[in-house]
Amino acid sequence: MTTDIVIRLVLNSSSIPRSKPTDDVDWSLNEAALSLSVLDVGAVKSQLDTLGSSYQDKSIKSFSGTFQLIELYTLDPLNNTIIFSNKPAFPSVLDVPLTGPGSIDEAANKPGKTKKIGVLTSGGDAPGMNACVRAVVRYGISKGCDVFAVYEGYQGLVDGGIKKMDWKSVRGYLAIGGTSIGTARCMPFKTREGRLQAAENLIKNGVDSLIVCGGDGSLTGADVFRSEWSGLNDELLKTGRITEEQSNAYKHLTIVGLVGSIDNDMSSTDITIGAVTSLHRICESVDSIGTTALSHSRAFVIEVMGRHCGWLALAAGIATGADFIFIPERPPSQDDWESVLCSVAQRHRELGKRKTVVIVAEGAIDKHLNPIKAEHIKDILTDRLGLDTRVTTLGHTQRGGSPAAYDRILATIQSIEAVEAVLRSTPETPSPMIGMSSNKVTSGPLMKAVELTHEVAKAIGDKNFARAMELRDPQFAEEYEAYNASTILDDETMLLPEHLRLNIGIIHVGAPAGGMNAATRTAVRYALNRGHKPFGINNGFPGLARGSIEEMSWICVDGWSPRGGSELGTNRAVPGESVDIGMIAYQIQKHNIQSLLVIGGFEAFASVIHLEAARSQYPSLCIPISLIPATVSNNVPGTDFSLGSDTALNAIVDSCDAIVQSARSSRRRVFVVEVQGGRSGYLAVEAGLASGASTIYIPEEGINLSRLQSDSRHLMAMYMDDAADKSEGRIILRNETVSKTYTTQVISDILKDEGHALFDSRTAVLGHIQQGVNPSPMDRIRATRLAKSCIDFFEKHTSAALGIAYKQKAPVPVELTKATESAAVVGVSGSDVAYNPVKDLIKVTDMKNRKPLDAWWLEHRPFVDLLSGRGLFTPEAQANIHRS
């Protein structure tokens, strides 16, 4: 990149010298007349000393010490500034300082002493704990804090296992399950002497804030520690174990709690870190067991974790289509629950099922608080029904493996809030617990959440099972009801009066998406349980126009929950555009379809708009029409999440993990990964956060040459800081439609060229693998909940017209409803199911770019760049860190 040259400087005697700057002025702020590239700063300094020339040495080392930035400033005889540096000869990170977290400007504005934060993981390990540690470390550093990891949980506090972390300490943490800083049971911490030693270790390391990721026991221990802190501090001072200066400096301890628990058993939060990944492991196992059970027509009893919380068992039961579940909060209401179990299993067999799957939480009980064990269930199924029954206890496989995309994102955004909670904390502030409620990060009193959590166990112990269900989040009860309504109660107890029963059409529209089949399965079975007739419409609206409609039975949708794609077949054609809407109306009337369930993406949304608008022309379209959003792009208005988007995220993240591994193995390689999403950047933003991307390109921001130059400098800065023989692999995510000019290949070529041999660049286009193989558990659960809600929606909007016709003994009318509210998107809003009329949603939709005007996920966008170290690897930022 550079060559050895000799430069002769000729002094013009007629030139007027500048005024010589004083030694206490920073010469690096002067305009330079000449910059010379050198490799040996010592030799230059020796020569300048020999000449008696003054100089200022601004050289610094990188975080790792493997890269030294040489910056030596001296003056020529005319007092012009000359720079000796090993800066690259090409435009580099040194020329245009990046702004943002970690920049000199931000650091210069930080008053007071550096905040020192400790982070520890405690209790049972949970996937996502490493993502917590990574986010705390990196976000803490970006806010000017020193961050320390406490190894082996509370045992590390007692033993002094406290280590200062730097940016590189947490590289690769996102994809690793469990906790890399360890967790251990610690009996000494339960004693005052143990906590005294822990306080001494923290004070001597200068740490006065702890972010604890663990379950309710771990968080309770942390709050007890805080409550005793003042007394521990005084005792340490009196016994001479700390100085008076140390005592005064660390009078208060700040505690912030993050809930890491695979059981999802903490109150005051909708979900805990690790629970979704654990559900992934369970569903993978049950799906695998299902194939062997089907082959041999066997029954399997599967035990999952959950001593006081049945979330895993319930969620797994919904996601896998289990025949029966047992959970602590809602034991069987009958004394003879064994007969009820056998009745359900026998009915399902009579309907044509070849397998029986029962999922039991380890803490399952009957209504008299007697344990219900897997072996006992096995004996019942074997002895009473003669089924070849096996027991599988999943055990610690539920804790293992790489975290799911959801847990990586959840842990990251909650940990960022935890650092913010530390920074705004005061001695009077109660210890906060960071949670998630209605799809938003929350911060509430830690001990109040612990108290409510313990109240669940107390309610169960008091046989107050209704109270136990109340203490769970509202979604828990709703999902339990949906499971029962679509799986257990198929015994005619839910049938509606004959005059209120409907013919319901179910159609898939748009590209395939994970969860379409799960939604169809629930809709069919719940409709049958209510006495309705469900009809499957093949191949979208073109199929409907041809009359490709068939009645669906209970058994025909068996096993659909774990299947990806669309079993009915799907098509992008939209009525009124590429399909004759008159033929659609004709077929609906011919087959007496009285409600229409549409499952699909933006094409489905446009279809419902057209059908609703055509009601004035076609009476047969005056029926309730509901849309369940199902698209990997998550670009349908009226919902936070579309079916298929979580499956796509996991497919992208799994692929990115593999690509990063390849890039790391190849050394100094950047992959530009193209992801789907249409004109919505949802997949790129969330996958970028979950995979640790260096940056992302999304339609909401666009892309230009200056942005690419900035990103190139960012990558160069990081690779210059890497150890020469341990360079990291990195990825950049590009939305497929972000630019027609800057294609994935063009971006890769530009980065490679601008990188000046510091790194190589390749491309990866993920394409249709993003649709996934099997739907994720989250997509299956959302599908079940929304499908049941749609059937309820149909009943609500037809009962009045059907009731009037019945009373008047008149024929059932063709027009059942013209209400605007009866053509709606049925989606997820926070933790609730929302019913939004399509007419209202048009106002908040960018129809041209096919996406909502508002995007809740955009607030995550800055975290992608921030946690990749943007601005932190410039020499200016490093110099600031070095000086501090």
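This short talk walks through two sheets, a helix pair, one serine and some aromatic rings in a predicted model.

Before the details, a word on how to read the values: this is a predicted model, in which local features need pLDDT of at least 70 and side-chain atom pairs count only at pLDDT 80 or more, while totals for chains, interfaces and linings use all residues. Residues are numbered from 1 along each chain as its sequence is written, and side-chain values use heavy atoms, with hydrogens and water left out.

Let me start with the sheets. Strands of a sheet pair through backbone hydrogen bonds, either parallel or antiparallel. Here helices (H or I, at least four residues) and strands (E, at least two) are DSSP runs numbered from the N terminus, and two strands pair if DSSP finds at least two bridges between them. One open sheet is formed by seven strands in the order 9-8-7-10-11-16-17, with mixed pairing. Strand 9 (162-165) and strand 17 (440-445) stand at its edges with a single partner strand each, so one side of each has no neighbour in the sheet. From one strand to the next the twist averages 30°; for such angles, axes are lines fitted to C-alpha atoms, for helices over the stretch in contact, and the angles run from 0 to 180 degrees between N-to-C directions. Strand 8 (residues 146-150) and strand 9 run antiparallel and are joined by four bridges, and the bridge partner of Val147 in strand 9 is Met165. Helix 13 (residues 446-461) packs on this sheet, touching strand 11 (254-259), strand 16 (432-437) and strand 17, and its direction makes about 90° with that of strand 17; contact means heavy atoms within 4.5 Å.

The other sheet is also open, and its four strands, in the order 25-26-24-27, have parallel pairing. Its edge strands are strand 25 (695-697) and strand 27 (760-765), each pairing on one side only, and here the twist averages 20° from one strand to the next. Strand 24 (residues 669-675) runs parallel to strand 26 (residues 730-735), with six bridges between them. Helix 21 (residues 682-691) lies across strand 24, strand 25 and strand 26, at about 170° to strand 26.

Now to a helix pair: how do helix 12 and helix 20 lie relative to each other, parallel or perpendicular? The axes of helix 12 (residues 405-424) and helix 20 (residues 645-666) come within 8 Å and cross at roughly 85°, and therefore the two are roughly perpendicular (65 to 115 degrees, whereas under 35 counts as roughly parallel, over 145 as roughly antiparallel and the rest as oblique). Among the residues making the contact are Tyr406 of helix 12 and Leu649 of helix 20.

A single residue deserves a moment. Ser247 sits in helix 7 (residues 244-249), and at 0% relative accessibility it counts as buried, a term for under 20% relative accessible area, with exposed over 50% and partly exposed in between (1.4 Å probe, protein chains only).

Finally, the structure holds 12 aromatic pairs; rings of Phe, Tyr and Trp (its six-membered ring) pair if their centres lie within 6.5 Å, and planes under 30 degrees apart count as stacked, over 60 as edge-to-face and the rest as tilted. Phe324 and Phe326 form a tilted pair, 5.0 Å centre to centre with 40° between the planes, and both are buried.
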